[in-house]
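Student: Could you show me how to read the features of a protein model, step by step? I would like the general idea each time, and then the case at hand.

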Amino acid sequence: MIIDFLADYYRDVEKYPVLSQVKPGYLQKCLPESTPHNPEPIETILEDVKKHIVPGLTHWQSPNFFAYFQCTSSIAGFLGEMLSTGFNVVGFSWIASPAATELETIVVDWLGEMLELPKSFLFSGKGGGVLQGTTCEAVLCTIVAARDQMLSQIGKENLIKLVVYASDQTHSAIQKAAKIAGIHPMNFRAIKTSKLTSYALSPDSLRAQIRKDVEAGLVPLFLCATVGTTPTAAIDPLDKLCAVAKEYGMWVHVDAAYAGSACICPEFRPFIHGVEGANSFSLNAHKWFLTTLDCCCLWVKDPSALIKSLSTNPEYLRNKATDSKQVVDYKDWQITLSRRFRSLKLWFVLRSYGVHNLRSFMRNHVKMAKLFEGLVAKDKRFEIVVPTNFAMVCFRILPSALSETVYKNGKLGMVSEEDANEANRKLLESINMSGCVFMTHAVVEGVYVIRFAVGATLVEERHVITAWKVVQEHANAILSTYEP
Ligand SMILES: *Cc1c(COP(=O)(O)O)cnc(C)c1O
């Protein structure tokens, strides 16, 4: 019954308003005040799902979803997830479910090989990978490992001196992880980027900042480089950044949460060129790799650094396999003890698509993003704000288009960058309130841009073309009555 419901949901999902239109607190008014005393049949509960839950969903699986970064799904991933939920094993250590641990070590190596990660990141070399929930958790684990490694050399009392580096485009997850790891909030450096480098972190700026910090008696600890930043999909130059970090003995983590998946295509692999100089690398298979939420793949060169920081050995978990040191106990590679059998769904995805179809899945999105970019470029009222990387296009209405309208309407008034930002903000709001499509925004160097991220599992060319028509219609409406 539930599967049938879901099948219908996917069939109809593009007809729903993609951004939920409910008001805060709507659900409290629909549901009883407390748990029912007597059991209720699933049929009744499912009716309430249809009536009350579906309207409160923003439909991430809609082909009209172009917001944030997509969260793709697939039948393969879903079936793997179903089995994992069905078995409901808790593979914290090898003995707690040997298949869960061993399958995970196998699929992370498979995926690592598809990405051409250096052998040093794989179990078949001296490294290894782990499937965690999200990038936030994965980055926290790596910062903690780097911190403890450094403090064991310079003494615990120097925690206050440790500095974490990233760019001003880096995901907020890294700053949060640094904070949780006890890095002093004043010692988080969000190094400024600019349009000149297409918002990539410049190795020279990094070096200049590190030098300043070292002169001030601080200790450079950790650099997070991003391949495919969240605001504009910018790509930090890994080889040069790793070279700088190496001079100062820092840990480098590469956050490729969104774009890492695409690097299984030979034409995108150059974007992670230089990864061999990093200490750890992660991507979210739940973003652009058809694996249902949650599945963050983290590879490290030196698993013992993670294990030193995160292992626990209570008597009640002791067992022969662990004592033999012949096995991986994943509880020591992550924050939580209990863990899901995530490798099943990734294994299903890898096997049922194969490298060939996984590559074409992402290439198809990149092609559609190019199509959208071409449509925007043809309309002189708009500009593409940064070069398009992977499958994300950043665009906006130009201030000049706004001035022109003001002039045509016979009115006076200067159009400033702030006015343009406000007009683009209004444009996006009006687009999203229509329910036809959903996009989100970013602000780079004070410029408000609309992000168009192609990547929903069901998206086709026609959705992209319609989305552009929707943008134009709403832009026409805004421009026709525009006054600064
Ligand atoms: C989405 C994203 C994150 C956050 O991922 P979570 O899995 O939600 O923690 C971090 N970094 C980048 C570049 C992202 O795109």
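**Reading the model**

Tutor: Buried residues make up 45% of the 484 residues in the protein, where a residue is buried if 20 or more other C-beta atoms, placed from the backbone, lie within 10 Å of its own, exposed if 12 or fewer, and partly exposed in between. This is a predicted model, in which local features need pLDDT of at least 70 and side-chain atom pairs count only at pLDDT 80 or more, while totals for chains, interfaces and linings use all residues. Residues are numbered from 1 along each chain as its sequence is written.

Student: How many helices and strands are there in the protein?

Tutor: Helices (H or I, at least four residues) and strands (E, at least two) are DSSP runs, numbered from the N terminus, and the protein has 15 helices and 11 strands.

Student: How does one describe two helices that pack together, and at what angle do H5 and H10 cross?

Tutor: Two packed helices are described by the angle between their axes and the distance between the axes. The axes are lines fitted to C-alpha atoms over the stretch in contact, with angles running from 0 to 180 degrees between N-to-C directions. Here the axes of helix H5 (residues 135–154) and helix H10 (residues 303–310) come within 8 Å and cross at roughly 85 degrees. H5 and H10 are therefore roughly perpendicular to each other, a label for angles of 65 to 115 degrees, whereas those under 35 count as roughly parallel, those over 145 as roughly antiparallel and the rest as oblique. Among the residues that make the contact are Cys141 and Val144 of H5 and Leu306 and Leu310 of H10, a contact being a pair of C-beta atoms, placed from the backbone, within 7 Å.

Student: What should I look for in the backbone itself?

Tutor: Most residues other than glycine have a negative phi, and most peptide bonds are trans. In this model, the peptide bond from Leu293 to Asp294 is cis, with omega near 0 degrees, and Asp294 lies in the loop between helix H9 (285–288) and strand S7 (296–300). Glu116 has a positive phi, near 55 degrees, and sits in the loop between helix H4 (98–114) and strand S1 (128–132).

Student: Is Lys325 buried or exposed?

Tutor: Lys325 counts as exposed because it has 7 C-beta neighbours inside 10 Å. Its phi is also positive, near 60 degrees, and Lys325 lies in the loop between helix H11 (320–324) and helix H12 (343–378).

How values were computed. Two residues are in contact if their C-beta atoms, placed from the backbone, lie within 7 Å.
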